[in-house]
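Trainee: I should be grateful for a close look at a single part of this structure, with its surroundings. Please take me through the reasoning step by step.

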Number of protein chains: 2
Amino acid sequence: MCAIGRRTGEILTQAEIPTSSPEETLGKVIEFFKKNGPVVAIGVGAFGPLDLDPSSDTYGHITKTPKAGWSNFDIRGRLAEALQRPVEIETDVGCAGMGEYFYGTAKGINDLLYMTIGTGIGGAHLRNGQVQHGLGYPEMGHLFIPHDKERDPFPGVCPFHGDCFEGLASGPAIEKRAGDKSHQVIDPVRWDLEADYIALALCNLILTMSPKIVVLGGGVTQHGGLVPLVRSRIEELIKDYVPLPMITEASENNAIKGAIRLAAHS
Amino acid sequence: MCAIGRRTGEILTQAEIPTSSPEETLGKVIEFFKKNGPVVAIGVGAFGPLDLDPSSDTYGHITKTPKAGWSNFDIRGRLAEALQRPVEIETDVGCAGMGEYFYGTAKGINDLLYMTIGTGIGGAHLRNGQVQHGLGYPEMGHLFIPHDKERDPFPGVCPFHGDCFEGLASGPAIEKRAGDKSHQVIDPVRWDLEADYIALALCNLILTMSPKIVVLGGGVTQHGGLVPLVRSRIEELIKDYVPLPMITEASENNAIKGAIRLAAHS
């Protein structure tokens, strides 16, 4: 998704470009900015794994990925060279968190946890609008959570960890567990189970970083009634042990707006 | 534990005062400082739960605790009034983390996770030497981790959450699971299981905050061979998915030194 916008969060133009090879994809991205620009600076919210260490020789590169052709691709360098503008880069989920903090549901609320649950699961922790990194960046999708195999014998879909949080609760996990939905009359998706897994992971994150607000995005969380169910399960699990944050749904275009804000940082 | 020291981490005098009622305990603490002082400022590393919100009316108070007489006790105010000096307050585990960052094993290493495993389990995350708080402070001891009940039918000892991390892996959990050790000839403690629980919790914390170093303190972690076992279990669990931090044992007097440094902040 490419967009041009203002620091205020206003989106002026946007276009969807399908991801193919890096050269073809970036070629179209550069064309978009040449045609619709000029722009002052560029903010990129990229899929990972990324090198986000500014002191590294491969800063702004995609690192090792199964996506054909993308391993070690210098996405930041390619854009900077072609457009001759400053380029800032962050994870896609980090940008979505920035969009929520600067323009969205969590505007100005410090200690924000943004979590997306869709094809994959990822999270970002923001303090004063800054996405928190350490040695690397967080991979909250892969938390190890309790898995009651009597209740849910499904082994999970994570190629690395099997039944980690993403393995049990991502979109592909839900689909695979439910089987071929076309033959089912009633909803085969076990939303009670899904809410429990999300609640367990969020409890761990709340106990670890004590956010003031949790914003839930991604396709799975758009299922009606899921977010309130998650909220009530968290209350049951934590048992008043720590103060609980607000838990809300994500706002629209958060990642695009966050990337615009990222550009404004440069 | 009371001590007087310098900003350099040098401890000049120290004394152990058993914790009884708040008035008796603080009376002896105040006497220690009057006799051995004067001091420039005071840093307190206290057991919790604490109110650490500087904008709160009950800042620096112990909040609701089962410890007789301590609920709502204004530990910070009592010391400030009696000694007429600035008083800074932090959790005991936060102070231990500060000791490690400013003087200990993790000196100057950013993104430090300090974890203590003893009678209770607690953790602190430090960035630039600052203990990270949010809505409240972290309660990492209560993470929900996988519990294979076939391998370990023990239900856990946490009065709030049963088989959370602290419920399964704290000192009291180890003792209760092992039963009465006096009748056993071989070590009844299942260190393999203990290492697995610690590794699962640390994996979750590493995936969440991506620390550069993890320092393990508390009585349980002093068991010879436990820390290397934890390290190798973490490697097996994470499967190269994220870069792993150094994992080391705590240094001596970390909480006392951290409290001295806290005083120097004031």
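Mentor: Packing is judged here by contact, which means heavy atoms within 4.5 Å. The model is a predicted one, and every statement below should be read in that light. The part I have chosen is helix α8 of chain A, residues 254-265.

Let us begin with the length of the helix. α8(A) has 12 residues, and at 1.5 Å a residue these should span 16 Å. The C-alpha atoms at its ends are 17 Å apart, which agrees with that expectation.

The next matter is which residues of the helix are covered. The buried residues of α8(A) are N254(A), I256(A), G258(A), A259(A), I260(A), R261(A), L262(A) and A263(A). They pack against the strands β1 (2-5), β2 (11-15), β3 (42-46), β4 (87-91) and β5 (112-117) of chain A, and against helix α3 of that chain.

I260(A) may serve as an example, since this residue lies in helix α8 of chain A. The cut-off for a buried residue is under 20% relative accessible area; I260(A), at 11%, therefore counts as buried. Leaving aside residues up to four places away in sequence, I260(A) touches I4(A), G5(A), R6(A), R7(A) and I11(A). Its C-alpha atom is separated by 8.3 Å from that of V44(A), a residue 216 places away along the chain.

The helical partner of α8(A) deserves separate treatment. Two packed helices are described by the angle between their axes and the distance between the axes. Helix α3 of chain A comprises residues 92-102, and its axis comes within 6 Å of the axis of α8(A), with a crossing angle of roughly 85 degrees. Angles from 65 to 115 degrees count as roughly perpendicular, so that is the description to be given to α3(A) and α8(A). From α3(A), the contact involves D92(A), C95(A), A96(A), M98(A), G99(A), E100(A) and F102(A). From α8(A), it involves N254(A), A255(A), K257(A), G258(A), A259(A), R261(A), L262(A) and H265(A). Sorted by class, this contact has 7 nonpolar, 4 polar and 4 charged residues.

Chain B offers a counterpart to set beside this pair. There, helix α3 (residues 92-103) and helix α8 (residues 254-265) have axes that come within 6 Å and cross at roughly 85 degrees. α3(B) is thus roughly perpendicular to α8(B). D92(B), C95(B), A96(B), M98(B), G99(B), E100(B), F102(B) and Y103(B) of α3(B) meet N254(B), A255(B), K257(B), G258(B), A259(B), R261(B), L262(B) and H265(B) of α8(B). The classes in this contact are 8 nonpolar, 4 polar and 4 charged residues.

The loops leading towards these helices call for a word on the backbone. Most residues other than glycine have a negative phi, and most peptide bonds are trans. In chain B, N253(B) occupies the loop between β9 (246-249) and α8. This residue is not a glycine, yet its phi is positive, about 55 degrees. N253(B) is partly exposed, with a relative accessible area of 34%. In chain A, D240(A) sits in the loop between α7 (226-238) and β9 (246-249). D240(A), likewise not a glycine, has a positive phi of about 60 degrees. With a relative accessible area of 79%, D240(A) is exposed.

Finally, strand β3 of chain A, one of the elements against which the buried residues of α8(A) pack, leads to a further backbone feature. The loop between β3 and α2 (75-83) of chain A holds P49(A). The peptide bond joining G48(A) to P49(A) is cis, its omega being about 0 degrees. In chain B, a cis bond runs from G37(B) to P38(B), with omega near 5 degrees. P38(B) belongs to the loop between α1 (22-36) and β3 (42-46) of chain B. At 73% relative accessibility, P38(B) counts as exposed. The C-alpha atoms of P38(B) and L83(B) are separated by 8.9 Å, the two residues being 45 places apart along the chain.

To return to the part in question: α8(A) packs through its buried residues against strands and helix α3 of chain A, and α3(A) and α8(A) are roughly perpendicular to each other.

Terms used: Residues are numbered from 1 along each chain as its sequence is written. Chains are lettered from A and ligands numbered from 1 in the order in which they are written. This is a predicted model: local features need pLDDT of at least 70, side-chain atom pairs count only at pLDDT 80 or more; totals for chains, interfaces and linings use all residues. Side-chain values use heavy atoms; hydrogens and water are left out. Axes are lines fitted to C-alpha atoms, for helices over the stretch in contact, and angles run from 0 to 180 degrees between N-to-C directions. Helices (H or I, at least four residues) and strands (E, at least two) are DSSP runs, numbered from the N terminus. Angles under 35 degrees count as roughly parallel, over 145 as roughly antiparallel, 65 to 115 as roughly perpendicular and the rest as oblique. Ala, Val, Leu, Ile, Met, Phe, Trp, Tyr, Cys and Pro count as nonpolar, Asp, Glu, Lys and Arg as charged, and the others, Gly among them, as polar. The expected span of a helix is 1.5 Å times one less than its number of residues. Buried means under 20% relative accessible area, exposed over 50%, partly exposed in between (1.4 Å probe, protein chains only).
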